[in-house]
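Please look over the chain shown below with an eye to how its helices and strands are arranged. The report that follows takes a few regions in turn.

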Amino acid sequence: MQVVIAGAGVMGRLLAWQLARAGHRVAVVDPADGPAQPGAAAFTAAGMLSPLAEREHASAEVAALGWRSLALWPAIAQALGQPALVRTAGSLLLAHGADLGAAQRVLSRLPAGPQPLDRAALQALEPALAPDLKAWLLPGEGQLLPHELLQALARQAPGVDWFWGRRAASVHPRRLALDDGQWLDADLVIDTRGLGARPDLAALRGVRGEILWLHAPGVALHHPVRLLHPRHRVYLVPRPGDVIVVGASEVESEDRSPVSLRSAVELLSAAHSVLPGLAEARIVHMETNLRPALPDHQPHLAHQPGLLRINGLFRHGWLLAPALAEQVLAHV
């Protein structure tokens, strides 16, 4: 088949890579200047794979797709020749003693799975964390490296035609119009443009997210952690090169301006409270982006002959992409 994909976020790149490997002819259209240029919401992500922790707010369907994706990601990284890009060593939920009541209410909404850790077990697992924290281990959860995976998917997709710096003006069954009036014909058009799919998806909205990168030499963190807090769900995710990513702000706004002072102060204060060694860390990067969401926060798949739309992945793009791609490949 000849397949044209609009949008080169994680969903578009993963589908392009898998469809090309299956022998289809694939073209991808995206306004970014190249595969390494940040733009898609997938770039502004910590890369946590947390179907159990996300169950606090997400539906059972999202969680089930997340567990399936968690099983698929290691094989994808292995096929790319970079197995180290995905880890499934579990994650941690943390709470301060004063917030134990709020934490227990969150835990009561999660399926069975979180394993309580006493002080000795937590210190053995993560010695750099504050010793008086309440903690629970979420076995099987994991993390990945978003930037590296996005570039590997684009670089290793065999024979894909990448139309970088080009915008899809409109998508139609078996046809896609580029911003210069050129048309691309195909047997199937797949629309994964996120917010770029408006006005075709009128209910689509952007939800602002903000993350900060800290360079913290000597501060060892081995697992992604989430802090359960009455107002915030702050996460800390270790990256290679002594980098720790802090984030989780979620603002109902389509403002793309830089990180706000309030968000930075709240996120970093929460991070320092659980990882005291961050006191001398250096802020090396701050970033904002908009996550595409629908009113029910459910992924949206709509198919008609010659056209498939995938959207509304919200904050779960990395968590859902392999399972959704599996469904698309079965359909194709």
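Strands E19 and E20 form a hairpin with two residues between them, and Gly306, which lies in the turn, has a positive phi of about 85°. Strand E19 covers residues 300–304 and strand E20 residues 307–311, and the two pair in the antiparallel sense over five bridges; within this ladder, Leu301 has Ile310 in E20 as its bridge partner. Helices (H or I, at least four residues) and strands (E, at least two) are DSSP runs, numbered from the N terminus, and two strands are said to pair if DSSP finds at least two bridges between them.

The model is predicted, so that local features need pLDDT of at least 70 and side-chain atom pairs count only at pLDDT 80 or more, whereas totals for chains, interfaces and linings use all residues. Residues are numbered from 1 along each chain as its sequence is written, and side-chain values use heavy atoms, with hydrogens and water left out.

A loop residue also meets this hairpin. Leu201 is placed in the loop between strand E13 (188–191) and strand E14 (205–215), and Leu201 touches His300 and Asn311, not counting residues up to four places away in sequence; contact here means heavy atoms within 4.5 Å. Leu201 counts as buried because its relative accessible area is 13%, where buried means under 20% relative accessible area, exposed over 50% and partly exposed in between (1.4 Å probe, protein chains only). Leu201 and Ala323 are 122 residues apart in sequence, and their C-alpha atoms are 22 Å apart in space.

Ala323 leads to helix H7 (317–331), in which the buried residues are Gly317, Trp318, Leu319, Leu320, Ala321, Pro322, Ala323, Leu324, Ala325 and Val328. The lengths of H7 and of helix H2 (residues 60–79) can be set beside the expected span of a helix, which is 1.5 Å times one less than its number of residues.

| Helix | Residues in helix | Expected span | C-alpha distance, end to end |
|---|---|---|---|
| H2 | 20 residues | 28 Å | 29 Å |
| H7 | 15 residues | 21 Å | 20 Å |

For H2 the two values agree, and for H7 the distance is close to the expected one. Helix H2 nevertheless bends by about 30° at Leu72, and a proline, Pro74, follows within four residues; the bend at a residue is the angle between axes fitted to the seven residues ending there and the seven starting there. After H2 comes Gly81, whose phi is positive, near 80°.

How are H2 and H7 placed against each other? They pack at an angle of about 85°, with their axes 7 Å apart, which makes H2 roughly perpendicular to H7. Axes are lines fitted to C-alpha atoms, for helices over the stretch in contact, and angles run from 0 to 180 degrees between N-to-C directions; angles under 35 degrees count as roughly parallel, over 145 as roughly antiparallel, 65 to 115 as roughly perpendicular and the rest as oblique. Among the H2 residues that meet H7 are Leu65, Ser69, Leu72 and Trp73, and the H7 residues that they and others meet include Trp318, Pro322 and Ala323. The buried residues of H2 include Val62, Leu65, Leu70, Leu72, Trp73 and Ile76, and what covers the buried residues of H2 includes helix H1 (10–21), E3, E4, E8, helix H5 (146–155) and H7.

Three of these covering elements belong to one sheet. Strands E3, E8 and E4 form an open sheet in the order E3-E8-E4, with antiparallel pairing, and the edge strands E3 (48–49) and E4 (86–87) each pair on one side only. Two bridges join E3 to E8 (residues 142–144), and Leu49 stands opposite Gly142 in E8.

Strand E5 (residues 91–95) is mostly covered, since five of its five residues are buried. In a regular strand the side chains alternate between the two faces of the sheet. In E5, Ser91, Leu93 and Ala95 point one way and Leu92 and Leu94 the other way, and all are buried. On the antiparallel side, E5 pairs with strand E7 (residues 134–138) over five bridges, where Leu92 has Leu137 as its bridge partner. Three bridges also join E5 to strand E15 (residues 225–228), which run parallel, and Leu93 has Arg226 in E15 as its bridge partner.
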